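Me: Please take a close look at a single helix in this model. I would like one connected account, with the terms explained.

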Amino acid sequence: MPLWPAPRAAGPVDAVVALPGSKSITNRALLLAALADAPTVLERPLRARDTALMAAALRSLGAGVEDAGAGGGDWRVVPARLRGPADVDCGLAGTVMRFVPPVAALAEGTVRFDGDPHARTRPMGPVLRALRDLGAEVDDGGRGTLPFALHGRGRLPGGEVVVDASASSQFVSALLLAAPRYDEGVVVRHEGPPVPSLPHIAMTVHMLRAAGADVDDEGPDRWRVAPGPLAGGTVAVEPDLSNAAPFLAAALVTGGRVTVPGWPRSTTQAGDALRGLLLAMGADVALTDEGLTVTGTGRVHGVDVDLHDVGELTPTVAAVAALAEGPSRLRGIAHLRGHETDRLAALAAEVGRLGGDVEETGDGLVVRPRPLSGGTWRSYADHRMATAGAVLGLLVDGVEVEDVGTTGKTLPGFTGLWARMLGVEDRGAGLPEGPG
Ligand SMILES: O=C(O)C1=C[C@@H](OP(=O)(O)O)[C@@H](O)[C@H](O)C1
Ligand SMILES: C=C(OP(=O)(O)O)C(=O)O
């Protein structure tokens with residue numbers, strides 16, 4: 001497995017870092033566009049492994065997804081009658097493995113799903129059970145995980161369904177996104193411990209409404225989507241705010257300054273919580289017409305925070321916490337055990353390997369900063385583990401990140417962006433990008 005020598009910061013960073021589009025918005029927009037009545041143009045979509053997999057999945061079901069725009073970076077989606085047989089590669093993308101089956105249930109014919117080895121361990125059962133309850137024929141050998149197949153009949157009755165979404169908000173989003181096309185729409189009720197990542201469900205509701213769907217999200221743990229058409233048009237994709245995390249963290253831990261242009265004033269992206277988190281950890285934070293500017297103050301505070309709503313920020317927050325002046329407690333993130341890897345175990349193991357002290361708790365991590373030294377930082381095919389290693393490497397000599405190309409899941413060209421921020425040569429340029 002190739003190693004990437006994470007560059008040390010020679011001093012405070014001072015950079016403007018333009019980031020590509022949001023994974024979560026791009027994959028929702030692609031899917032809604034494929035179910036619409038007319039073509040849609042996605043402006044500045046994320047072009048990365050997760051979104052390429054979503055595009056390929058929708059193409060395999062009959063939709064057109066073509067390059068568009070002046071530089072060819074936009075996407076034009078042309079809806080079509082959905083049909084199998086098809087094979088969908090989910091890679092390691094939660095948004096593909098959870099969001100596409102409810103679309104495949106509308107296709108005529110058999111659609112088979114599989115993914116990377118670790119994808120077969122990610123929780124999936126509640127979506128498959130719910131689809132059965134809504135009238136779909138699902139063949140998963142009783143496993144409740146990938147691989148599985150759906151045998152579609154070209155339509156789905158829909159109706160009311162109860163789901164335990166405590167393992168992933170994506171279970172709810174999945175059932176809502178295709179629901180306007182079900183005969184009766186859908187009512188989803190959650191029963192179980194609290195649903196994580198609620199901003200992502202708000203994003204689903206917001207994007208459904210923007211496409212013309214009638215959505216009721218008034219009740220706690222209850223969502224209703226009425227049957228009806230979805231409109232085409234143009235969707236402008238915001239920059240990926242969660243992927244801003246390691247860059248903004250670099251400003252904090254080096255006492256420097258990083259601006260991310262195009263930061264929306266109002267958004268449903270979970271990454272917007274970085275403003276409050278980095279402020280609590282010692283940064284100055286300013287949202288202006290130029291974008292979001294984070295400035296380090298020379299102090300890095302430990303924090304006691306509940307990251308239940310914004311779990312995908314955890315690897316960066318844990319890396320900053322390991323470099324802080326005092327201990328941190330990160331709570332509400334038991335569900336991270338079902339992410340790209342068991343992120344709680346991975347962070348404890350990898351910070352520990354560098355000499356740090358990260359303890360797993362029932363629902364999170366306790367980080368006690370200690371002097372760190374260089375070593376190999378394993379990524380576990382997790383893009384956010386790889387970028388967390390890069391943050392530590394800013395202040396710790398000799399951190400070598402294994403399989404940095406795994407950042408291509410949501411952020412192709414990561415090492416180039418990182419090197420440019422630091423004003424150093426890109427030593428990741430020749431390394432493979434994609435599944436490790
Ligand atoms: O719907 C989405 O786009 C996402 C929902 C969240 O998943 P979980 O609810 O499984 O944490 C988030 O962590 C993931 O990165 C993207
Ligand atoms: C949890 C994540 O991804 P996925 O969409 O694969 O669930 C993530 O990007 O942090």
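Reply: What follows deals with helix α7 and its surroundings.

This is a predicted model, in which local features need pLDDT of at least 70, side-chain atom pairs count only at pLDDT 80 or more, and totals for chains, interfaces and linings use all residues. Residues are numbered from 1 along each chain as its sequence is written, while chains are lettered from A and ligands numbered from 1 in the order in which they are written.

Helix α7 covers residues 198-210. Helices (H or I, at least four residues) and strands (E, at least two) are DSSP runs, numbered from the N terminus. The expected span of a helix is 1.5 Å times one less than its number of residues. For the 13 residues of α7 that gives 18 Å, and the end C-alpha atoms are 18 Å apart, so the two values agree.

The buried residues of α7 are H200, I201, M203, T204, M207 and L208. They cover an arc of only 150° around the axis, so they are on the same side of α7. A residue is buried if 20 or more other C-beta atoms lie within 10 Å of its own, exposed if 12 or fewer, and partly exposed in between, with C-beta atoms placed from the backbone. The arc is that of the directions from the helix axis to the C-beta atoms.

The buried residues of α7 pack against two helices, α1 (23-34) and α6 (170-177), and two strands, β12 (215-216) and β13 (222-225). Contact here means that two C-beta atoms, placed from the backbone, lie within 7 Å. Just after α7, G212 has a positive phi of about 100°.
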